[in-house]
Amino acid sequence: MLIRPRRNRKSNSIRDLVAENNVSVNDLVYPLFLVDGKGIKQEVKSLPGNYRFSLDTVLIEIKECVSLGLTTFILFPAVDEKLKDKNATYGSDPANFYIKYITEIKRHFPTVTLISDVAMDPYSSDGHDGYVREGRILNDKTLPILAKMAVSQAKAGIDIIGPSDMMDGRIGYLREALDKEGYSDTSIMAYTAKYASAFYGPFRDALDSAPKEGDKKTYQMDPRNKKEAIREALLDIEEGADFIMVKPAVHYLDVIQELQSLSDVPVAAYHVSGECAMILAASEKGWLDLESTVSETLISLKRAGTNVIITYFAKYFAKLQK
Ligand code: PBG
């Protein structure tokens with residue numbers, strides 16, 4: 001036998017030497033759920049180890065993360081039901097606690113990178129990402145609402161806005177709105193191939209943001225499709241996206257690989273709440289080893305071609321590296 005592939009696996013050191021992919025904390029983005037108030041750190045039941053934070057407690061959390069080498073955070077607001085309405089008005093209200101928190105976090109940690117959420121659902125009494133009229137989601141009526149939200153976040157100092165709504169044409173629309181208001185340095189991470197997925201459950205628990213009626217299938221993508229993801233990616237890149245994203249992640253590795261091969265901007269993958277919850281639940285039961293399962297999962301995302309990994313395991317992984 002002339003060729004023995006096992007020679008390149010014979011020791012730890014050689015395995016490290018020939019490793020084709022590695023995960024670094026620099027690749028990771030940590031999602032944080034925010035809530036109005038003081039002294040709040042409330043665990044999300046379906047996502048153990050993740051919390052809803054008020055400003056004071058999130059500053060402590062971010063400080064700890066920064067000391068572990070994590071510097072990028074994606075922020076989501078959990079909004080009081082009383083503040084929700086059809087137009088998601090609170091989303092761009094200067095009194096919105098989320099907007100104020102962005103400014104405060106940047107004031108305390110000017111060098112961290114913050115990614116926002118741009119969509120109506122946290123603020124909408126219908127629980128949809130777009131404007132609802134008689135059960136239909138109106139694309140073009142949603143765009144100006146999103147633009148107002150994005151501009152108010154940019155004004156507050158956000159580094160990257162994250163449109164998660166899946167309306168058509170919103171990347172170009174938001175780019176123009178930001179530029180017109182003087183925020184040409186504010187980046188856009190487009191949720192490009194966001195699928196209508198069953199894996200968002202724990203996230204909707206965290207934010208109480210589940211749709212009041214119907215589902216999100218008229219705007220989020222059909223899990224059966226891949227060509228459609230290419231179509232979305234080409235549009236988002238043409239409209240000025242600085243990053244494109246695939247979401248969920250582990251169940252869509254083929255889509256990540258496909259988009260990486262055509263994209264000239266970095267590809268992010270959102271390892272979503274349900275994907276993380278499955279691992280947490282199995283490891284709590286003693287059925288899976290948490291450390292090796294998380295490491296293997298994150299490396300699989302890199303191998304598929306992910307540049308930026310958004311995961312609820314970011315802090316856990318960073319701790320493992322210490
Ligand atoms: C909604 C939004 C969702 C997530 C991020 N932004 C859920 C949804 O579309 O209902 C899910 C993230 C996760 O599950 O971790 N704009």
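This short talk goes through the ligand site of this structure, and then a salt bridge and two backbone details.

Before the details, please keep in mind that this is a predicted model, in which local features need pLDDT of at least 70 and side-chain atom pairs count only at pLDDT 80 or more, while totals for chains, interfaces and linings use all residues. Residues are numbered from 1 along each chain as its sequence is written, and side-chain values use heavy atoms, with hydrogens and water left out.

Let me start with the ligand, which is surrounded by 16 residues, where a residue counts as near if one of its heavy atoms lies within 4 Å of the molecule. The closest of them are Arg204, Lys216, Lys247, Ser273 and Tyr312. Sorted by type, the shell holds 7 nonpolar, 3 polar and 6 charged residues, with Asp, Glu, Lys and Arg counting as charged, Ala, Val, Leu, Ile, Met, Phe, Trp, Tyr, Cys and Pro as nonpolar, and the others, Gly among them, as polar.

Which side chains make polar contacts, that is, pairs of N or O atoms within 3.5 Å? The side chain of Tyr312 has an N or O atom 2.6 Å from a ligand oxygen, that of Gln220 has one 2.8 Å from an oxygen of the ligand, and a polar side-chain atom of Lys247 is 3.4 Å from a ligand nitrogen. The protein covers 100% of the 400 Å² of accessible area that the ligand has on its own, as computed by the Shrake-Rupley method with a 1.4 Å probe.

Lys247 comes up again in the backbone, since a cis peptide bond, with omega about -10°, joins Lys247 to Pro248. Met166, a residue other than glycine, has a positive phi, near 70°.

Turning to charge pairs, side chains of opposite charge can pair when their charged atoms come close. The count comes to 19 salt bridges, each being a side-chain nitrogen of Lys or Arg within 4 Å of a carboxyl oxygen of Asp or Glu. One of them joins Asp126 and Lys86, at 2.9 Å from N to O, and this pair links distant parts of the chain, 40 residues apart.

Note on methods
A polar contact is a pair of N or O atoms within 3.5 Å; within protein, one must be able to donate a hydrogen and the other to accept it, and residues adjacent in sequence count only if both atoms are side-chain atoms. Helices (H or I, at least four residues) and strands (E, at least two) are DSSP runs, numbered from the N terminus.
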